[in-house]
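Thanks for coming. I have one structure to go through, so let me put it on the screen and start straight in on the strands.

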Amino acid sequence: MTSTIRSTISLANGEMYEAVADAQASDLPAPYDKHVSAIAETRAEGRVYRKALRLKNVVTREEISDSN
């Protein structure tokens, strides 16, 4: 089971940002493996906001976890 989500934001100054993320149930720990679309959506939103805010080094829970 795989979900791919595209997230787009437009700012008041006319700038637009877009990001895509996917998630697979087989790569997610329980109980999150039952919410594949929500995980993909959260990842896509995080990516698009990082682009808009020009953030470079953001550590996420996924990067810290030993269960990757």
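Arg6 sits opposite Val20 of strand E2. This is a predicted model, so please take what follows as values computed from it. The two strands, E1 and E2, run antiparallel and are joined by nine bridges.

Stay with Arg6 for a moment. Which residue does the side chain of Arg6 meet in a salt bridge? The partner is Glu18, with 3.8 Å from N to O. Arg6 belongs to strand E1 and Glu18 to strand E2, so this pair ties together parts that are twelve residues apart in sequence. As for exposure, Arg6 has a relative accessible area of 59% and is exposed. Glu18 has 41% and is partly exposed.

The count of salt bridges is two. The other pair is Lys34 with Asp33, where the closest N and O atoms are 3.9 Å apart. Lys34 counts as exposed at 63% relative accessibility, and Asp33 counts as partly exposed at 22%. For that last one, keep in mind that buried means under 20%.

Back to the strands. The hairpin of E1 and E2 has five residues between the strands, and within this hairpin Gly14 takes a positive phi near 95°.

Now look along E2. Which of its side chains are buried, and which are not? They alternate: Tyr17, Ala19, Ala21 and Ala23 point to one face and are buried. Met16, Glu18, Val20, Asp22 and Gln24 point to the other face and are not buried. So two names from earlier, Val20 and Glu18, are both on the face that is not buried.

On E1, the residue I would pick out is Ser7, which lies in that strand. Is Ser7 buried or exposed? Ser7 has a relative accessible area of 11%, and that makes this serine buried. Leaving aside residues up to four places away in sequence, Ser7 touches Tyr17, Glu18, Ala19, Ala44, Glu45 and Val48.

Some of those contacts bring us to helix H1. The buried residues of H1 are Val36, Ile39, Ala40, Ala44, Val48 and Ala52. What do they pack against? They pack against both strands, E1 at 2-10 and E2 at 16-24.

A check on the geometry of H1, which covers residues 36-53: at 1.5 Å a residue, its 18 residues should span 26 Å. The end C-alpha atoms are 26 Å apart, so the two agree.

Next, the two ends of H1 and some backbone details. In the loop between E2 and H1 we find Pro31. A cis peptide bond joins Ala30 and Pro31, with omega about 0°.

After H1 comes Arg54. Arg54 is in the loop between H1 and helix H2, residues 61-64. Its phi is near 55°, which is a positive value in a residue other than glycine. Arg54 counts as exposed, at 59% relative accessibility.

Then there is the surface. Which residues form a nonpolar patch there? They are Tyr49, Leu53, Leu55 and Val58, and together they have about 380 Å² of accessible area. Leu53 is placed in helix H1, and at 58% relative accessibility Leu53 counts as exposed.

I left the whole-chain numbers for the end. The chain has two helices and two strands, and read along the sequence the pattern is β-β-α-α. There are 68 residues, of which 24% count as buried. The accessible surface of the chain comes to about 5,200 Å², and 50% of that belongs to carbon and sulfur atoms. On contacts, take those between residues at least 6 apart in sequence: 39% of them join residues at least 24 apart.

To recap what I would keep in view: E1 and E2 run antiparallel, and the buried residues of H1 pack against both of them. The salt bridge of Arg6 and Glu18 has one residue in each strand. The backbone details include the cis peptide bond between Ala30 and Pro31 and the positive phi of Arg54. That is what I have; over to the discussion.

Conventions: Residues are numbered from 1 along each chain as its sequence is written. This is a predicted model: local features need pLDDT of at least 70, side-chain atom pairs count only at pLDDT 80 or more; totals for chains, interfaces and linings use all residues. Side-chain values use heavy atoms; hydrogens and water are left out. Helices (H or I, at least four residues) and strands (E, at least two) are DSSP runs, numbered from the N terminus. The expected span of a helix is 1.5 Å times one less than its number of residues. Buried means under 20% relative accessible area, exposed over 50%, partly exposed in between (1.4 Å probe, protein chains only). Contact means heavy atoms within 4.5 Å. Patches are made of residues with over 30% relative accessible area and no salt bridge: like charges are joined within 9 Å, nonpolar side chains (Val, Leu, Ile, Met, Phe, Trp, Tyr) within 5 Å. Accessible areas come from the Shrake-Rupley method with a 1.4 Å probe; for residues, only the protein chains shown count as cover. A salt bridge is a side-chain nitrogen of Lys or Arg within 4 Å of a carboxyl oxygen of Asp or Glu. Two strands pair if DSSP finds at least two bridges between them.
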